[in-house]
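These are my notes on a structure I looked through for salt bridges, strand pairing and burial. The entries follow the order in which I looked things up.

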Amino acid sequence: MIDLHRQAFKEEAYELLAELESSLLELEERPDDQDLIGRVFRAMHTIKGSGSMFGFDDIASFTHEVETVFDMVRNGKLSVTSRLVNLTLAARDQIRAMLDAADSGAETDLQASAGIIVGLRELAGFGGSGAAATTERHEEAEQPQKDPVTYRIRFVPPRDIFVSGTNPLNLLAEMKELGTCTVVAQTDGFPPLEEMDPEGCYVYWDVILTTDQGENAVRDIFIFVEDDCDLKIEVVAEHNRYDEQQDYKKLGEILLERGDITLDEMKAVLARQKRFGELAISEGIIPEGKVKSALAEQKHVKEVRQEKQVAEASSSIRVPAERLDLLVNLVGEMVTVQARLSQTAAHRDDAELMAIAEEVERLTAELRDSALNIRMLPIGSTFSKFKRLVRDLSAELGKQIEMTTEGEETELDKTVIEKLNDPLVHLIRNSIDHGIELPDAREAAGKPARGTVHLAAIHSGDSVLITIADDGAGLDKEAIRTKGIERGIISASAELSEKELFNLIFAPGFSTAKTVSSISGRGVGMDVVKRAIEALRGSIDITSVRGQGTRITVKIPLTLAIIESLLVKIGNDAFMLPLAMVDECVELTRDDVARSHGRNLAHVREHLVPYIPLRQHFRISGEPPEIEQIVITQVNGMRVGFVVDHVIGEHQTVIKSLGRAYKDTEGISGATILGDGSVALILDVPQLVQAAEMDQN
C-alpha cells in the first residue's frame, strides 16, 4: 500500500514539475504576474508537503529551500529575475533527478543540489545562518497538512489596537487568503455611548476558517498582536474522507464548546422544546450575535463538506497505463470476434442471428470508440516541454527565439504522443540551429532580431497534422543538390522537383552544414526522424522559401491500436493497406502491362503512376487474374501503386505485432486476424516504396 502511495506521489510530482516548468517560462516573460508566482509557489509547496508525507525527505528538504525564496517573491520581498528563473528551473531538474533516482537507487548529485541552494540564498540576500533561521521559521509556520481542517478562531483585539497603528481588518483579510473563511463580528462589548472611548476597539470577531495550512500559519498572522490580544484557535472539523458522513454539531453543542453557555442553561432551554437559538436569545442568556456566529459556523462546515463531496464525486481517477493497454487489447479481441460473428451470420439465412450480429457490431463500435478515447491525451503537455528546449538552446547559441504554439488541445493516442517526442525534439533543434539566424544576420536581412519557431497541431480526418515552422533562412536548394551529387544520391543530370530535392535531407548522413556543433551538423538524425514517423504510419512533408523560413508538416494517425484498412488478396493470401494512405483503385489489364514494357508504370488520367507488383515482390506462386487491381497510395507526396489480385474492401484492423522471428521482415509492419480466423499481413507502404527505389537504383 505504501508503494502505491509513493508511486501516486511520483506521478503527481512529475505532473507538478511539468506545470512548474511551464509556469516558470511564462513567468520569465511576465515577471509581475501574481497568478504565475502563486502557481510556482503552490507547485513547490505541494511537492514538499506530499514528499515529506511519503518518505521523500531529501526532495522535501531541497524543495523547501526553493519554496522559501518564492515565498519572499509572493510577499513582494524579492523580484523575479532571469537568474531566479534559471536557478528555479535548475532546481526543478534536480527534483526530477531525485524522483528518478528514488526507485533506481542511483545516487543524487548532492553538489548540484548544494550549488542551487547557495545560489538561491545569495539571491535572497541572506547567508547560511540567515537562511537557516528563515528555514526554521518557515518550517514552523507551514507544517504540511494532509487534509483541510476547519478552525474556530475567536480574535479579541486589545482595546487600544488602533493606537498602535494596527488595523484588525487587514489581519482578517490576510486570514481569508489561507482558505475558505467566514467572519462574524461581535458587538456585545460596546458600552453606553457616554462611556465609549472614541479611539477604543469594542468589537471582536469569530472566524471559521477551513484551510490546509497548519495552525502555526494561522498564528503567524497575529504574530505582532498575539501578546496583547485574546486569541483562541480550536480545531472543529478535520475533513478527511472518513468523517464526512457525520452530521456536524448542533447549535447547542457549538455554544457549549465555546463556553458561551453552560450545560445547565442548555438543558433548561431544551426542556422547553423550542428552537434553541430563539429561546437562548429571548431568555437573555446569550446575545443574538453569538447565536448568529454559531449558526454561521454550522453552515460553514456543512457547505465545506458538501463542496468537498461534490468535488470528490466529479474528480477524475488515476488509472495505470497498463490497465488501459489491457482494456484496448481486450476491445481488439472483441472487434475480431465481432467480425467473425458478422461473417458467420452473413453466410446463414437466419434473420435472428443477423439481428444479433448487427447489435453486437453496434455495441462493439461504441466500446471501441470509448476505449480509444480514454487513451487520448492533449498534445499540449508535449508542446510545453519544447518551450524549455527552445529557451535553453537559443541561449546556448546566442540567438533570440520565441516559441509560439497553437492547437495544444488537439488529442492523440498516448502511445503516439510518447513516440512522437524524439522526432519533434530533433526537428525543433534543427530549426533552431540551422533555420533561425543570429540576431545580427536577421537584422541585416531586414528581419526582427528575434526569430520565431511555431508549433501547431490540428485534426485532419483520422490523422493529426503537426507543423514546425520557422522564419529563418530556409533551405538552400543548390547546396542540397550539390551535396546530393557529391554523395552519389542523385546524378548530376537528375531533374528533381522541389519536393524531391527537399526529401534528400532525409537520406542517411546527409548534411549541408559546414561546421559540426554539439547540437547538429553530422547529418545524423533526419533519416531517423523519417523512420520514426513512418513507424507510426505517418508521413513528413517539407516546404521552404529561401530567406523566409521552413515549414515541416508531420501527419500522424490518431491511434496505433485499431485502424481502418483496405483488405486485398493475392492468391490465397490476404494483406492490409492503411486506408489513410489509399487514394484510389484502378484496374490493370494484361494489355496495360504489355504497354509499359516492363517499366511498371500505369497511365492514370494522363498521369504516369509507378506501381509495385506485390505478387512478384513477395514471390507468391500462381497465375494472376486477367484483370488485376492497382491500389494507388500517397507516400511522401508521391503517388505509388500496389498491384494485387483482388480488392475486398474496407476492414477494421486490430494491429498485432509480429513475433521476434519476423520482426525484421521488410515491407510488413504487423498482422491482424480476419473474421474467418485467418491472418492478414499489414503492409509497410513507405518501406516497400523505399525498397523499390533502392532496387531501381
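I began in helix H15 (residues 380-397) of this predicted model. Arg388 and Asp392 are four residues apart there, so about one helical turn separates them. I then looked up their side chains and found a salt bridge, at 3.0 Å from N to O. How buried or exposed are the two partners? Arg388 has a relative accessible area of 11% and is buried, whereas Asp392, at 33%, counts as partly exposed.

Next I looked up Lys477 and Glu498, whose side chains form a salt bridge at 3.0 Å, N to O. Lys477 belongs to helix H18 (residues 477-486) and Glu498 to helix H19 (residues 498-503), so this pair ties together parts 21 residues apart in sequence. I noted a relative accessible area of 38% for Lys477, which is partly exposed. Glu498 also counts as partly exposed, at 38%.

I then asked which residues are joined by salt bridges that share partners. One such network holds Glu21, Glu28, Arg92, Asp93, Arg388, Arg391 and Asp392. Within this network I checked Arg92 and Glu21, which meet in a salt bridge of 3.6 Å, N to O. Arg92 sits in helix H4 (residues 82-104) and Glu21 in helix H1 (residues 2-29), so the pair ties together parts that are 71 residues apart in sequence. Both Arg92 and Glu21 are buried. Over the whole structure, I recorded 42 salt bridges.

I turned to strand E9 (residues 463-470), where seven of the eight residues are buried. Which strands pair with E9? Strand E8 (residues 451-460) does so in the antiparallel sense, over eight bridges, and Val453 has Asp470 of E9 as its bridge partner. Strand E11 (residues 549-557) is also antiparallel to E9, with eight bridges between them. Here I noted that Thr467 has Thr553 in E11 as its bridge partner.

My next entry concerns Thr633, in strand E17 (residues 627-635). Its relative accessibility is 0%, so I entered Thr633 as buried, the cut-off being under 20%. Leaving out residues up to four places away in sequence, I listed its contacts, among them Leu577, Met581, Phe642 and Val685.

Last, I looked up totals for the chain. I recorded 23 helices and 21 strands, and 45% of the 697 residues count as buried. Among contacts with a separation of 6 or more, 69% are between residues 24 or more positions apart. The chain exposes about 37100 Å², of which carbon and sulfur atoms supply 50%.

How values were computed: Residues are numbered from 1 along each chain as its sequence is written. This is a predicted model: local features need pLDDT of at least 70, side-chain atom pairs count only at pLDDT 80 or more; totals for chains, interfaces and linings use all residues. Side-chain values use heavy atoms; hydrogens and water are left out. Helices (H or I, at least four residues) and strands (E, at least two) are DSSP runs, numbered from the N terminus. Buried means under 20% relative accessible area, exposed over 50%, partly exposed in between (1.4 Å probe, protein chains only). Contact means heavy atoms within 4.5 Å. Two strands pair if DSSP finds at least two bridges between them. Accessible areas come from the Shrake-Rupley method with a 1.4 Å probe; for residues, only the protein chains shown count as cover. A salt bridge is a side-chain nitrogen of Lys or Arg within 4 Å of a carboxyl oxygen of Asp or Glu.
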